[in-house]
Amino acid sequence: MTDHRLVFVGGLHRSGTTPLTRCLAAHPQISGFEGTGVEEDEGQHLQSVYPPARAHGGPGRFALAPAAHLTERSPLLTPDTSARLLEQWSPHWDLSKPVLVEKSPPNLIMTRFLQGAFGEARFVMVVRHPAIVSLSTRKWARLRSLDALLGHWFAAHRTFEEDAAFLHRLLVVKYERLVADPEGTLAELAAFLELDGEIPAGGIDTRRSATYERQWAELADGGLWRRERFRSLCRRHEPAANHFGYSLLDLDRTDPFPVGSTRSS
């Protein structure tokens, strides 16, 4: 095990995990991965204990694969799992810092596995509007329809919601609140992680959703056939969006995530 405080950041691709993790890594007590040579400096690509998201289809697909959902019951969780992960991750951290951060999208659906390996770990999960995430993921999943990408978002977050009940130390960060109030949101995060001083907010871009909001509006305002397809999409997914505090009909709606904003015990 380790005397460091381990923090796992997760959230679907395009949910804002990278800018949040960069803010965390700018704090003097925290070390994150940087300059590793792997995609987005994600820990999933720097270990051989469990398959990365791409092994399960990658962005827009991975959460639909039963094998991607790892819990404390996974056969991949063995007595030496924590030691093996630390051995592979440690060269990429500054071990003089007391708090070590690892960020990877599939952490969203493997929190229980990671808690099984590191019982004192803290989890910070970033949640962003399903419409925005689905639109922005299309460049990586061009063969996936918008309907399928929305379905992936809801499947992933249903899995996370169920797993959250098993977690001892959890903070859910809604991306919309992060960009609307970076200082306040990061202050809550600093308290959750028991940090001294503020987490720098300079890496948060408050304009990043504007392009996708316009694209979503264009779907609603297109020709007759396009409008009907959009309405059908909304009818199918609106109840699930509402459950998670969002609306496909009103992108400004941002209610709390159903598991609550914080849990620490």
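This briefing walks through some strands, cores, helices and loop residues of the structure above. The model is a predicted one. A good place to begin is strand 1, residues 5-10, where five of the six residues are buried. From there we can look at a nonpolar core of 56 residues, then at helix 8, which packs against helix 9 and also against helix 4. A few loop residues round off the tour.

**Strand 1 and its partners**

- Strand 1 is mostly covered, with five of its six residues buried.
- On one pairing, strand 1 runs parallel to strand 3 (residues 99-103), and five bridges join the two.
- Within that pairing, Val 9 has Lys 103 of strand 3 as its bridge partner.
- Strand 1 also runs parallel to strand 4 (residues 122-127), this time with four bridges between them.
- Here Phe 8 stands opposite Phe 123 of strand 4.

**The nonpolar cores**

- The largest nonpolar core is made of 56 residues.
- If you would like some landmarks in this core, try Trp 89, Phe 118, Phe 160, Leu 170 and Trp 216, the residues with the most contacts inside it.
- Helix 5 (residues 146-164) gives this core its largest share, namely seven residues.
- There is also a second core, separate from the largest one, with 23 residues. Among them are Ile 30, Val 126, Val 173 and Leu 186.

**Helix 4, a covered helix**

- Helix 4 spans residues 130-137, and eight of its eight residues are buried.
- Reading along the helix, the buried residues are Pro 130, Ala 131, Ile 132, Val 133, Ser 134, Leu 135, Ser 136 and Thr 137.
- Helix 5 and helix 8 are included in what covers these buried residues.

**Helix 4 against helix 8**

- The axes of helix 4 and helix 8 lie 9 Å apart, and the two helices pack at an angle of about 95°.
- Because of that angle, helix 4 counts as roughly perpendicular to helix 8.
- On the helix 4 side, the contact is made by Ala 131, Ile 132, Leu 135 and Ser 136. Helix 8 brings Tyr 212, Glu 213, Gln 215, Trp 216 and Leu 219 to the contact.
- Sorted by class, the residues of this contact are six nonpolar, two polar and one charged.

**Helix 8 against helix 9**

- Helix 8 (residues 210-220) packs with helix 9 (residues 224-243) at an angle of about 115°, and their axes are 7 Å apart.
- This angle makes helix 8 roughly perpendicular to helix 9.
- From helix 8, the contact uses Trp 216, Glu 218, Leu 219 and Ala 220. From helix 9 come Arg 226, Arg 227, Phe 230, Leu 233 and Cys 234.
- This contact has six nonpolar residues and three charged ones, with no polar residues.
- Trp 216 is a handy residue to find on screen: it belongs to the contact with helix 9, it takes part in the contact with helix 4, and it is among the residues with the most contacts inside the largest core.

**Two glutamates with positive phi**

- Glu 40 is not a glycine, yet its phi is positive, near 55°.
- You can find Glu 40 in the loop between strand 2 (30-31) and helix 2 (81-89).
- Glu 40 is partly exposed, because its relative accessible area is 40%.
- Glu 194, also not a glycine, has a positive phi of about 55°.
- Glu 194 sits in the loop between helix 7 (182-192) and helix 8.
- With a relative accessibility of 48%, Glu 194 also counts as partly exposed.

**Two histidines in loops**

- His 56 lies in the loop between strand 2 and helix 2.
- His 56 counts as buried because its relative accessible area is 19%, and the cut-off for buried is under 20%.
- Setting aside neighbours within four places in sequence, His 56 is in contact with Pro 51, Arg 61, Phe 62, Ala 65, Ala 67 and Ala 68.
- His 92 is in the loop between helix 2 and strand 3.
- His 92 is partly exposed, at 28% relative accessibility.
- Along the chain, His 92 and Gly 32 are 60 residues apart, while their C-alpha atoms are separated by 7.8 Å.
- Apart from neighbours within four places in sequence, His 92 is in contact with Gly 32, Phe 33, Thr 36 and Leu 46.

Technical notes:
Residues numbered from 1 in each chain as written. Predicted model: local features only at pLDDT ≥ 70, side-chain atom pairs only at ≥ 80, totals over all residues. Heavy atoms only, no water. Buried < 20%, exposed > 50% of the residue type's maximum accessible area, 1.4 Å probe, protein only. Pairing = 2+ DSSP bridges. Core = buried A, V, L, I, M, F, W, Y, C linked by side-chain atoms within 4.5 Å. Axes fitted to C-alpha atoms, helices over the stretch in contact; angles between N-to-C directions. Parallel < 35°, antiparallel > 145°, perpendicular 65-115°, else oblique. Contact = heavy atoms within 4.5 Å. Nonpolar A, V, L, I, M, F, W, Y, C, P; charged D, E, K, R; others polar.
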